[in-house]
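Me: I'd like to go through this model and ask what backs up each label. Can you set the values against the definitions for me?

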Amino acid sequence: MKNDPEKIRARGIRPFLFLHGILAAASLAAFAWTDAARAEDQDLDWAGLWADCLVRQRGLMLNKETRRALSAYAERFEKLRGRPLAEKCAAVNAAVNQDIAFVWDQWNYGIEERFAAPAETLREGRGDCEDYAIMKYFLLRHLDVPADNLLLAVVDIPDGQHMVLLAGEALPFYQAGNRSMFMGTRPKGILVLDNKGRGKPPPTLESAPYGDAHFLMNERKALKKGGDNVWRLEREYKPIPLSRLFPLRKASP
């Protein structure tokens, strides 16, 4: 018996409509997840996550094998110690972007958000945006860049929030109550170390494709911007000698 052309078309249409429905539902779910993720990002305790990371790194440094592994990795950058900041930033940014594979915290650690200590990132060989930024932060501190010249920054991007590392000889907006950060003209001469744009040199802040910023952190302080666009001190951290957080020189034999 010959097949009815209308029935043939109907059989072909039904799977198409079914697949189309699945894709539409997935798209709606993705949009809903993105909106939820943005809301969750706004509520995250960034200052607390960073504090936990510092404490964890200090504990991990008590292990001899961990110190040796970090020292061996940091030794690769020793030739940069006396070089200009821009050269240090370019080399550290490129190396970490190449050495660390990107993976979400949920896949790596089974939780939504976790700031991995540098020892953990090196051990795992993977991490997400803040793990890249934190590793770069400590490598630059290892290369004698002062803490006041470095800031971990949480910035807006089209699909949510993102962490980068800002580096500059003098970060003029690192003051409680300062209104200048990402409002109007951005500060000049500040480099952005980002895990996006692999292989490219760090752009300057004024040319970086980001929206607003919400948090700024280094090992001394954390700043949060309020709804009135004023930066205020969110947290001060108990001083920890850098030697207890990251190797400062090549490990002894």
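Reply: Sure, starting with aromatic pairs: a search of the whole structure finds 8 of them. This is a predicted model, where local features need pLDDT of at least 70 and side-chain atom pairs pLDDT 80 or more, while totals for chains, interfaces and linings use all residues. Side-chain values use heavy atoms, without hydrogens and water, and numbering runs from 1 along each chain as its sequence is written.

Me: Why is the pair of W46 and F115 called tilted?

Reply: Rings of Phe, Tyr and Trp (its six-membered ring) pair if their centres lie within 6.5 Å; planes under 30 degrees apart are stacked, over 60 edge-to-face, and the rest tilted. W46 and F115 sit 5.9 Å centre to centre with 40° between the planes, so by that rule they're a tilted pair. The pair links distant parts of the chain, with W46 in helix α2 and F115 in the loop between α5 and α6, 69 residues apart.

Me: And what makes Y137 and F138 edge-to-face?

Reply: Their planes are 80° apart and their centres 5.3 Å apart, so they pass both cut-offs. Y137 and F138 also belong to one aromatic cluster with W50 and F246.

Me: What does it take to call both Y137 and F138 buried?

Reply: Buried means under 20% relative accessible area, exposed over 50%, and partly exposed in between (1.4 Å probe, protein chains only). Y137 and F138 are both buried, so each falls under that 20%. W46 and F115 are buried too, and buried residues make up 45% of the 253 residues in the protein.

Me: How do you know that the span of α7 agrees with its length?

Reply: The expected span is 1.5 Å times one less than the number of residues. α7 has 14 residues, so it should span 20 Å, and its end C-alpha atoms are 20 Å apart, which agrees. Helices are DSSP runs (H or I, at least four residues) and strands likewise (E, at least two), numbered from the N terminus. As for cover, 14 of the 14 residues in α7 are buried.

Me: What makes a set of residues a nonpolar core?

Reply: It's a set of buried Ala, Val, Leu, Ile, Met, Phe, Trp, Tyr and Cys residues joined through side-chain atoms within 4.5 Å. The largest one here has 50 residues, with W50, F138 and M217 among those with the most contacts inside it. α7 gives the most to this core, with 9 residues. A second, separate core has 15 residues, including L151 and W231.
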